[in-house]
Amino acid sequence: MVIWDFPVRYRPEVDGLRAIAVLPVVLFHAGHAAFQGGFVGVDIFFVISGYLITSIITEDIRQDRFSIVKFYERRIRRIFPALFAVLAVVSVAACWILLPAELEHYARSVVAATLFASNIYFWRDSGYFDATAETKPLLHTWSLGVEEQFYIFFPVALYLLHRFGRKWANWIAGAALASFVVSVLMVGPFSVASFFLLPTRAWELFLGALISLGAFPRVRSLAARQGLSIVGI
């Protein structure tokens, strides 16, 4: 399955990385004790997302064909059909399975998911690891909320940096560092907010952006690349 539908060179190894990342997430939710940290797969997805979206936007900007309207139009065409299909199916099931009070909360989560604000809703409602998480069928949409909120400002920021001749990587590195510091400071006293909200997650998307922009030295040796891949897994 191709993981994006834009004119950027397909990277099969990125699809492979996504497959590796999703496995611990699924096993974590299945309750396997060995994968209690399996949700780290979501962090990998955020890095991949930052990499792909930056590659797409910078290519359009350099080819002088970038349009913020077209960018959002493509995002809508890509996300909305699958999102609304999931909402429809899950809503039918929720009406049969959930208790009245749970169904009321579910209805609110549908609105939040439609507005790409699930992460904010579930942050205010409870923690991701609460015992009642099983009664929240749309809990997984929080990560989509983080991504789409990031996409509200990031394409515009890239375009302005290009327009005014700023060095993209330097500014993004600064933003990534700030977000990472905030994440570290909040993870103890405000762990739920740190998990759900964009300011403490943005550094992962920014990291992917920096990889796309070539901010890190390319590893030339095949043996070194294979070794780093194994260590990374």
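**Exercise 1. Two loop residues with an unusual backbone**

Phe116 sits in the loop between α4 (100–114) and α5 (118–125). Task: find out what phi Phe116 has, and decide whether Phe116 is buried or exposed. Then do the exercise again for Asp64, starting with where Asp64 lies.

Solution. One note before you start: you're working with a predicted model.

Step 1. Look at the backbone of Phe116: phi is positive, about 55°, although the residue is not a glycine. As background, most residues other than glycine have a negative phi.

Step 2. Check the accessibility. Phe116 has a relative accessible area of 16%, and the cut-off for buried is under 20%, so Phe116 counts as buried.

Step 3. Move to Asp64, which you'll find in the loop between α2 (40–62) and α3 (68–97). Asp64 isn't a glycine either, and its phi is positive, near 55°.

Step 4. Asp64 has a relative accessibility of 73%. The cut-off for exposed is over 50%, so Asp64 is exposed.

**Exercise 2. How α6 meets α9**

Task: work out at what angle helix α6 (residues 142–163) packs against helix α9 (residues 202–212), and which residues make the contact.

Solution. Two numbers do the job here: a packed helix pair is described by the angle between the axes and the distance between them.

Step 1. The angle between α6 and α9 is about 60°, and their axes are 11 Å apart.

Step 2. Put a word to that angle: α6 and α9 are oblique to each other. Their crossing is right-handed.

Step 3. Pick out the contact residues. On the α6 side they are Val146, Phe150, Phe153 and Phe154, and α9 brings Ala202, Leu205, Phe206 and Ala209.

Step 4. Now see which residues of α9 are buried: Ala202, Glu204, Leu205, Phe206, Gly208, Ala209 and Leu210. Their cover includes α2, α6 and α7 (168–186).

Step 5. Finish at the end of the helix. Just after α9 comes Gly214, with a positive phi of about 75°.

**Exercise 3. Tracing the salt bridges**

Task: say how many salt bridges the structure holds, then find where the partners Asp43 and Arg201 lie and whether each is buried or exposed.

Solution. The idea behind the search is that oppositely charged side chains can pair when their charged atoms come close.

Step 1. The total is nine salt bridges.

Step 2. In one of the bridges, the side chains of Asp43 and Arg201 meet at 2.7 Å, N to O. Asp43 belongs to helix α2 and Arg201 to the loop between α8 (191–196) and α9, so this pair ties together parts that are 158 residues apart in sequence.

Step 3. Both partners count as buried: Asp43 has a relative accessible area of 19%, and Arg201 comes in at 6% relative accessibility.

Step 4. Follow the network outwards. Salt bridges link Asp43, Arg201 and Glu204, and Glu204 is one of the buried residues of α9.

Step 5. Try two pairs that each stay within a helix. Glu73 and Arg77 meet at 2.6 Å, N to O; both lie in α3, four residues apart, about one turn of the helix. Glu73 is partly exposed at 37%, and Arg77 is partly exposed at 48%.

Step 6. In α4, Arg108 and Glu104 are also four residues apart, about one turn of the helix. Their closest N and O atoms are 2.7 Å apart. Arg108 is partly exposed at 44%, as is Glu104 at 45%.

**Exercise 4. A charge without a bridge**

Task: find which side chain of opposite charge is nearest to Glu147, and which residues Glu147 touches.

Solution.

Step 1. Locate Glu147: it's in helix α6.

Step 2. The nearest side chain of opposite charge is Arg75, 4.4 Å away. A salt bridge needs nitrogen and oxygen within 4 Å, and Glu147, though buried, has none.

Step 3. List the neighbours. Leaving out residues up to four places away in sequence, Glu147 touches Phe45, Phe46, Ser49 and Arg75.

**Exercise 5. A quick one to finish**

Task: decide whether Thr141 is buried or exposed, and say which residues Thr141 touches.

Solution.

Step 1. Thr141 is in the loop between α5 and α6.

Step 2. With 7% relative accessibility, Thr141 counts as buried.

Step 3. Again setting aside residues up to four places away in sequence, Thr141 touches Ala113, Ser118 and Phe122.

Key:
Residues are numbered from 1 along each chain as its sequence is written. This is a predicted model: local features need pLDDT of at least 70, side-chain atom pairs count only at pLDDT 80 or more; totals for chains, interfaces and linings use all residues. Side-chain values use heavy atoms; hydrogens and water are left out. Buried means under 20% relative accessible area, exposed over 50%, partly exposed in between (1.4 Å probe, protein chains only). Lys and Arg count as positive and Asp and Glu as negative; His and the chain ends are not counted. Contact means heavy atoms within 4.5 Å. Axes are lines fitted to C-alpha atoms, for helices over the stretch in contact, and angles run from 0 to 180 degrees between N-to-C directions. Angles under 35 degrees count as roughly parallel, over 145 as roughly antiparallel, 65 to 115 as roughly perpendicular and the rest as oblique. A crossing is left-handed if the near helix is turned anticlockwise from the far one by less than a right angle, and right-handed if clockwise.
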